[in-house]
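Here are a few exercises to work through with the model open beside you. Try each one before you read its solution.

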Amino acid sequence: MTDAETFIHRFVPGKSKRTLLILHGTGGNEDDLLPVGRMLDPESSLLSPRGKVLENGAPRFFRRLREGVFDEDDVIRRANELADFVTAAVAENSLDAGNVIAVGYSNGANIASAMMLLRPEILRGAILLRGQVPLIPEKLPDLSGKAVLLSSGKLDPIIDADNASSLVQLLTKAGASVTHLWQPVGHELSRNDLDAAREWLQGVRG
Ligand code: MLT
């Protein structure tokens, strides 16, 4: 088995040099957010893996001890494993390694920011829909040149405002250019999230 086969995944070739790495939320799978990816960018390739951790049968990208409390060793291990998968899939499909942008929802947003903090070379940027701090790395990476959009829900019962703001601070301190938006909704995605993400993505240079 090659590294690119280590995750069940979908790959949809695109017409541009950009690849969106699509990362579902808890209980989702590799098909869930493909339409969102296509709506955000009609031209990009889409790479969408399924999280390997099962929580009562629900796929996730890393283990948690309970809601909001993450198994940090597992976050580190899984972020590295996902980074290796992306590297292999990029090589196998002759994609542009410098132009991979994550689009993650909830648990998918959290593994995307973990990967950015631990393996910064993998992502050009990330759209974090309902993201929170996944871990505090021992050493801050250099994220200058990386673009991040965090879209948070004002009424989110899972992620409090301080946690979302801490993620913005962490990424900004590491040098990323971060845009933080608040939507008037809860943990669920809204049309506003997607419209804002599409517009933000249009402003990110390839
Ligand atoms: C997580 O576990 O990553 C977050 O609590 C979001 C979730 O998946 O519910």
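The exercises below go from the ligand site to three single residues.

This is a predicted model, in which local features need pLDDT of at least 70, side-chain atom pairs count only at pLDDT 80 or more, and totals for chains, interfaces and linings use all residues. Residues are numbered from 1 along each chain as its sequence is written, and side-chain values use heavy atoms, with hydrogens and water left out.

**Exercise 1. The ligand shell**

List the residues around the ligand and sort them by class.

Solution. Start by collecting each residue with a heavy atom within 4 Å of the ligand. This gives Thr26, Arg60, Phe62, Arg64, Gly68, Phe70, Ser106, Asn107, Asn110 and Gln132. Next, apply the classes: Ala, Val, Leu, Ile, Met, Phe, Trp, Tyr, Cys and Pro are nonpolar, Asp, Glu, Lys and Arg are charged, and the others, Gly among them, are polar. The shell then splits into two nonpolar, six polar and two charged residues.

**Exercise 2. Contacts and cover**

Find polar side-chain atoms that approach ligand oxygen atoms, then state how much of the ligand is buried.

Solution. Look for pairs of N or O atoms within 3.5 Å. For threonine 26, a polar side-chain atom is 2.5 Å from a ligand oxygen. Arginine 60 has a side-chain N or O atom 2.7 Å from an oxygen of the ligand, and for arginine 64 the distance from a polar side-chain atom to a ligand oxygen is 3.1 Å. Now turn to area, computed by the Shrake-Rupley method with a 1.4 Å probe: the ligand alone exposes 260 Å², of which the protein buries 96%.

**Exercise 3. Alanine 91**

Place alanine 91 in the fold and relate it to the ligand shell.

Solution. First, the element: alanine 91 belongs to helix H2, residues 72-92 (a helix is a DSSP run, H or I, of at least four residues, numbered from the N terminus). Then accessibility: alanine 91 has a relative accessible area of 58%, so it is exposed, the cut-off being over 50% with a 1.4 Å probe and protein chains only. Finally, glycine 68, one of the residues around the ligand, is 23 residues from alanine 91 in sequence and 34 Å away in space, C-alpha to C-alpha.

**Exercise 4. Positive phi**

Where do asparagine 56 and serine 94 lie, and are they buried or exposed?

Solution. Asparagine 56, a non-glycine residue with positive phi near 50°, is in the loop between strands E4 (53-55) and E5 (58-60). Its relative accessible area is 82%, so asparagine 56 is exposed. Serine 94 also has a positive phi, near 50°, and is in the loop between H2 and strand E8 (100-105); strands are DSSP runs (E) of at least two residues. Serine 94 is exposed too, at 65% relative accessibility.

Note on methods
Buried means under 20% relative accessible area, exposed over 50%, partly exposed in between (1.4 Å probe, protein chains only). A polar contact is a pair of N or O atoms within 3.5 Å; within protein, one must be able to donate a hydrogen and the other to accept it, and residues adjacent in sequence count only if both atoms are side-chain atoms.
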